[in-house]
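Let's take a walk through the aromatic side chains of this protein together. Have the structure open and ready to turn as you read.

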Amino acid sequence: INEFCPSHFYAPNAFTPDEDGINDVFSPRGHNLSDYTLLIYNRWGELIFESNNIDIGWDGTYMGNEAQIDVYVWKAFYSVNHPEGEPVKKQSVGRVSLLR
């Protein structure tokens, strides 16, 4: 039997990059995904973080400095694996609050 496990994608709405070892990185999670890209934008639409690896999230810094407490827009692009054909391209968009 060849069972198919559907793809899932989840992103938290806040994180606290205060180096206490708890919730320090904004890192969406998912499984059965491929071709992943995460983009983070500040309130002026400036791209401040990009990752092509779902295991590498944003640590709340920009250009080596702590990013300010604020709400940031994120976009994630990925392909969902499908058992009966080509992967389906998807995107998710949301906001994340950076709290300290």
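What follows looks at how the aromatic rings pair up and where they sit.

Keep in mind that this is a predicted model. It contains six aromatic pairs. A good place to start is the pair formed by phenylalanine 15 and tryptophan 58: their ring centres are 5.4 Å apart and their planes meet at 55°, so this pair counts as tilted. Where do the two residues lie in the chain? Phenylalanine 15 belongs to strand S2 (residues 14–15), while tryptophan 58 is in the loop between strand S5 (47–51) and strand S6 (61–62), so the contact ties together parts that are 43 residues apart in sequence.

Are these two residues buried or exposed? Buried means under 20% relative accessible area. Phenylalanine 15 has 0% relative accessibility and therefore counts as buried, and tryptophan 58, also at 0%, counts as buried too.

Now stay with tryptophan 58 and find tyrosine 72. These two form an edge-to-face pair, with 5.0 Å from centre to centre and 70° between the planes. Here again distant parts of the chain are linked: tryptophan 58 comes from the loop between S5 and S6, and tyrosine 72 from strand S8 (residues 70–80), 14 residues apart. Tyrosine 72 is buried, as is tryptophan 58.

Step back, and these pairs become part of a wider picture. Ring pairs join Phe9, Phe15, Phe26, Trp58, Tyr72, Trp74 and Tyr78 into a cluster.

One last stop involves a charge and a ring. Arginine 43 lies over the face of tryptophan 44, at 6.0 Å from the ring centre.

Key
Residues are numbered from 1 along each chain as its sequence is written. This is a predicted model: local features need pLDDT of at least 70, side-chain atom pairs count only at pLDDT 80 or more; totals for chains, interfaces and linings use all residues. Side-chain values use heavy atoms; hydrogens and water are left out. Rings of Phe, Tyr and Trp (its six-membered ring) pair if their centres lie within 6.5 Å; planes under 30 degrees apart count as stacked, over 60 as edge-to-face and the rest as tilted. Helices (H or I, at least four residues) and strands (E, at least two) are DSSP runs, numbered from the N terminus. Buried means under 20% relative accessible area, exposed over 50%, partly exposed in between (1.4 Å probe, protein chains only). A charge sits over a ring if NZ of Lys or CZ of Arg is within 6 Å of the ring centre and within 35 degrees of the ring normal.
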